[in-house]
Amino acid sequence: MIAAIARELRNNERFLLTTHVNPDGDAIGSLGALSLVLEDLGKKVVAYCQDEIPGFLRFLPYSDRIVREIPGRDRFDVAVVLDCGELDRIGNANEVLRHVEKIIHIDHHSSSDDFGQLNLVLPGCSSTAEILYEIFQAIPASLSLEAAENIYTAILTDTGSFRFANTTARALDIAAEMVGLGVAPDKIASEVYDSMSPERLRLLALSLNTLTLRASGRLATMQVSRRMLEETETTVMDTDGFVNYPRGINTAEMAIFFREMDSGKVNVSLRSRGRVNVAEFARNYDGGGHHNAAAFRAEGSLTEVVEKILAAAEEFIAGGSQ
Ligand SMILES: [Mn+2]
């Protein structure tokens with residue numbers, strides 16, 4: 001399949017690249033890396049993401065060229081959907097994709113649907129960028145420093161700074177090779193992790209106050225309400241990574257972060273350590289993800305959703321992980 005996708009990338013000219021709403025480092029890094037490599041091969045590329053790019057990723061080369069609306073009535077030979085388990089999660093590009101004959105789907109989520117004509121879903125890979133790297137080798141395409149920075153950042157963020165269980169030898173090998181191409185790990189780390197605004201820190205303080213432990217400390221949760229965002233003049237994007245605080249508690253096997261959305265919905269992020277499979281829990285609510293990291297959206301007020309989900313999660317931990 002890698003060879004077949006490499007062939008499609010070589011043999012076509014006009015590409016639409018897209019990724020999931022609420023983009024993370026792997027989504028934006030994969031979009032950037034593939035765009036840069038295709039442009040180096042002389043291809044025409046439109047890279048689309050429905051949502052705004054989080055501030056800590058705006059240093060990435062190409063990120064300022066990612067569009068939020070697909071221009072004109074462009075006809076594309078191929079659409080490539082990156083890091084996205086369900087077609088719904090690309091948002092408005094879905095409509096344009098109906099008119100594209102060939103969809104290539106590249107992902108590493110175990111819950112991923114096969115919605116493309118060519119589907120390359122490898123749950124054993126650390127990140128979508130790692131899979132792209134293998135495809136670039138197969139093309140074969142040489143990598144610019146700019147493409148390398150995108151790949152490195154995608155692997156760095158999806159492995160939680162090389163701390164999660166998906167930090168494989170292969171992931172580290174590729175990261176090392178990117179450093180060999182000129183990527184500076186200290187520069188990337190400072191862009192990604194040390195770029196917090198005072199407002200975001202104040203929001204974190206409010207959110208930490210909501211920290212709650214259940215199931216003898218095995219379940220840890222935090223939340224952010226619309227009111228907290230207003231009070232600190234922050235946006236939902238400032239909550240990125242907050243879930244890692246409850247996850248970091250020494251007794252926690254499962255962490256849940258609740259974020260109140262505009263629309264009477266609540267975004268629920270899940271993390272776990274060891275055997276607790278949060279992707280399985282998320283599937284009960286039409287969500288998805290990986291064994292140790294998953295998410296879904298639930299309807300209702302923040303209080304309602306928190307109560308309902310915590311009760312279910314307590315039961316899930318008690319039953320599922322013995
Ligand atoms: Mn990913």
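Which residue in β11 is the bridge partner of glycine 288? Keep that question in mind while touring this predicted model; the answer comes at the sheet, after a look at the overall layout.

**The two domains**

Begin by colouring residues 2–193 as domain 1 and residues 198–320 as domain 2. The C-alpha centres of these two domains lie 26 Å apart, and the contact between them draws 10 residues from domain 1 and 8 residues from domain 2. If you display the side of domain 1 that touches domain 2, you will find 3 nonpolar, 5 polar and 2 charged residues there.

**The nonpolar cores**

Next select Leu17, Val80 and Ile151, which have the most contacts inside the largest nonpolar core, a set of 57 residues. Helix α2, residues 25–40, gives the most to this core, with 8 residues. Centre the view on leucine 17 and, leaving aside residues up to four places away in sequence, look for the residues that it touches, among them Leu31, Leu34, Val45, Tyr48 and Val80. Apart from this core lies another, of 35 residues, which includes Val224, Val268, Leu302 and Ile309. As general background, nonpolar side chains in soluble globular proteins tend to be buried together.

**The sheet**

Now show the strands β6 to β11, which form an open sheet of 6 strands in the order β6-β7-β8-β9-β11-β10, with mixed pairing. Strands β6 (212–214) and β10 (288–289) stand at the edges with a single partner strand each, so one side of each is left without a neighbour in the sheet. At the β10 edge, β10 pairs with β11 (residues 293–299) in the antiparallel sense over 2 bridges, and here the opening question is settled, since the bridge partner of glycine 288 in β11 is alanine 295.

Move along to β8, residues 254–260, where 7 of the 7 residues are buried. Met254, Ile256, Phe258 and Glu260 point one way from β8, while Ala255, Phe257 and Arg259 point the other way. In general, the side chains of a regular strand alternate between the two faces of the sheet.

The two partners of β8 can be inspected in turn:

- Strand β7 (residues 219–224) pairs with β8 in the parallel sense over 6 bridges, and alanine 220 stands opposite alanine 255 in β8.
- Strand β9 (residues 265–272) runs antiparallel to β8 and is joined to it by 7 bridges, with arginine 271 in β9 opposite alanine 255.

Follow the chain from β8 into β9 and you pass through a hairpin with 4 residues between the strands, in which glycine 264 takes a positive phi near 70°.

Just before β8, select glutamate 253, which lies in the loop between α10 (244–247) and β8. Glutamate 253 is buried, with 20 other C-beta atoms within 10 Å. A distance drawn from C-alpha to C-alpha places glutamate 253 8.0 Å from alanine 220, although the two are 33 residues apart in sequence.

**Helix α8**

Turn next to helix α8, residues 198–208, and select Arg200, Leu203, Leu204 and Ser207, which are buried. Viewed down the axis of α8, these buried residues fall within an arc of 105°, so they line one face of the helix. The general rule is that an α-helix has 3.6 residues a turn, so residues three or four places apart point the same way. The buried residues of α8 pack against β7 and α9 (226–232), whereas Pro198, Leu201 and Ala205, on the other side of the helix, are exposed.

**Three backbone stops**

Finish with the backbone, recalling that most residues other than glycine have a negative phi and that most peptide bonds are trans. Aspartate 83 has a positive phi of about 60° although it is not a glycine, and you will find aspartate 83 in the loop between β3 (78–82) and α3 (93–97). Serine 216, in the loop between β6 and β7, likewise is not a glycine and has a positive phi of about 55°.

Which of these two residues is buried and which is exposed? Aspartate 83 is buried, with 29 other C-beta atoms within 10 Å, while serine 216 is exposed, with 8 other C-beta atoms within 10 Å.

For the last stop, select isoleucine 139 and proline 140, which are joined by a cis peptide bond with omega near -10°; proline 140 lies in the loop between α4 (128–138) and α5 (145–158).

Notes. Residues are numbered from 1 along each chain as its sequence is written. This is a predicted model: local features need pLDDT of at least 70, side-chain atom pairs count only at pLDDT 80 or more; totals for chains, interfaces and linings use all residues. Domain bounds come from an automatic or database domain assignment. Two residues are in contact if their C-beta atoms, placed from the backbone, lie within 7 Å. Ala, Val, Leu, Ile, Met, Phe, Trp, Tyr, Cys and Pro count as nonpolar, Asp, Glu, Lys and Arg as charged, and the others, Gly among them, as polar. A nonpolar core is a set of buried Ala, Val, Leu, Ile, Met, Phe, Trp, Tyr and Cys residues joined through C-beta atoms within 7 Å. A residue is buried if 20 or more other C-beta atoms lie within 10 Å of its own, exposed if 12 or fewer, and partly exposed in between; C-beta atoms are placed from the backbone. Two strands pair if DSSP finds at least two bridges between them. The arc is that of the directions from the helix axis to the C-beta atoms.
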